[in-house]
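This report describes the strands, the largest pocket and two single residues of one protein model. Please have the sequence and the 3D view open while reading.

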Amino acid sequence: MGAFEVGKLGEYICAVRLMKLSMSCEIVNLDTVDIVVNYKSNLIRVQVKSSARKRHQKGWSYQFSTSVSGKKKPLTKDHCDIVALVATDCERVMFKPVECLKGQVTKRILPRKFDRDDLESRSWEYCIDFLNLDHPQI
């Protein structure tokens with residue numbers, strides 16, 4: 001499977017996982033936004049990054065390119081609100097606020113990090129708390 005197909009697969013896996021969390025979402029592919037989520041009348045911009053498990057010198061891991069369109073320019077709040085890291089082989093998603101990437105252009109994650117039963121719900125809730133969307137704005 002080529003990089004384009006892996007990316008598309010990741011978008012669909014992410015959308016399904018969001019829908020299972022009762023989120024209203026659409027795949028949009030607009031610049032650096034792959035999915036838009038309507039959360040309590042707030043539009044959340046999600047950038048999806050996909051990877052299959054790969055063998056490296058230190059063992060197995062998922063390696064995600066967290067840069068803008070291969071230019072090695074890190075994703076920022078200007079690009080999206082949340083980055084969805086999709087492990088395509090096990091069809092699991094880890095959501096992270098884009099600020100938590102701290103300017104990294106690649107992110108390596110061990111396979112066991114995707115094993116938690118509540119991975120999607122806990123990481124999504126963390127993002128919502130981080131974005132402060134459950135608290136009224138003053």
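## Strands β5 and β8

Strand β5, residues 59-65, pairs with β8 in the antiparallel sense, and 4 bridges link the two. The model is a predicted one. Two positions show how the strands line up: Ser65 stands opposite Thr106 in β8, and the bridge partner of Phe64 in β8 is Lys107.

Strands of a sheet pair through backbone hydrogen bonds, and the pairing can be parallel or antiparallel.

## The sheet of three strands

β5 and β8 belong to an open sheet of 3 strands, in the order β4-β5-β8, with antiparallel pairing. β4 (54-56) and β8 (106-109) stand at the edges and have a single partner strand each, so one side of each is left without a neighbour in the sheet. On average, neighbouring strands of this sheet are turned by 50° against each other, if direction is ignored.

On the β4 side, 3 bridges join β4 to β5, and these strands run antiparallel. His56 has Gly59 in β5 as its bridge partner. The connection between β4 and β5 is a hairpin of 2 residues.

In a regular strand, side chains alternate between the two faces of the sheet.

## Strands β2, β3 and β6

β2 covers residues 33-39 and runs antiparallel to β3, with 5 bridges between them. One of the matched positions is Ile35, whose bridge partner in β3 is Val46. β2 and β3 form a hairpin with 2 residues between them, and Lys40 in the turn has a positive phi of about 50°.

β3 also pairs with β6, residues 82-87. Here the strands run parallel and are joined by 6 bridges. Lys49 has Leu85 in β6 as its bridge partner.

## The largest pocket

Rolling a probe the size of a water molecule over the atoms shows where empty space is left. The largest pocket has a volume of about 360 Å³.

Which residues lie nearest the centre of the largest pocket? They are Glu11, Asp34, Gln47, Val48 and Lys49, out of 18 residues that line the pocket. Lys49 therefore appears in two roles: as a residue nearest the pocket centre, and as the bridge partner of Leu85 in β6. At least two lining residues come from each of α1 (3-20), β1 (24-30) and β3 (42-51). By type, the lining divides into 6 nonpolar, 8 polar and 4 charged residues.

## Ser123 in helix α2

Ser123 is found in helix α2, which spans residues 119-131. Is Ser123 buried or exposed? Its relative accessible area is 10%, which is under the 20% cut-off, so Ser123 counts as buried.

The side chain of Ser123 has polar atoms of other residues around it. A polar atom of this side chain lies 3.1 Å from the backbone nitrogen of Phe95. The side chain of Ser123 also reaches the backbone oxygen of Glu120, at 3.4 Å.

## Cys100 in a loop

Cys100 has its place in the loop between β7 (92-97) and β8. The relative accessible area of Cys100 is 25%, so this residue is partly exposed; the range for that class lies between 20% and 50%.

How far apart are the C-alpha atoms of Cys100 and Ile27? They are separated by 23 Å, and the two residues are 73 residues apart along the chain.

Conventions:
Residues numbered from 1 in each chain as written. Predicted model: local features only at pLDDT ≥ 70, side-chain atom pairs only at ≥ 80, totals over all residues. Heavy atoms only, no water. 1 Å grid on protein atoms, 1.4 Å probe; cavity = no way out; pocket = protein on both sides within 12 Å on 5 of 7 lines; lining within 4 Å. Points joined across faces, edges and corners; volume = space filled by probe spheres on them. Nonpolar A, V, L, I, M, F, W, Y, C, P; charged D, E, K, R; others polar. Pairing = 2+ DSSP bridges. Axes fitted to C-alpha atoms, helices over the stretch in contact; angles between N-to-C directions. Buried < 20%, exposed > 50% of the residue type's maximum accessible area, 1.4 Å probe, protein only. Polar contact = N/O pair within 3.5 Å; in protein donor to acceptor, adjacent residues only side chain to side chain.
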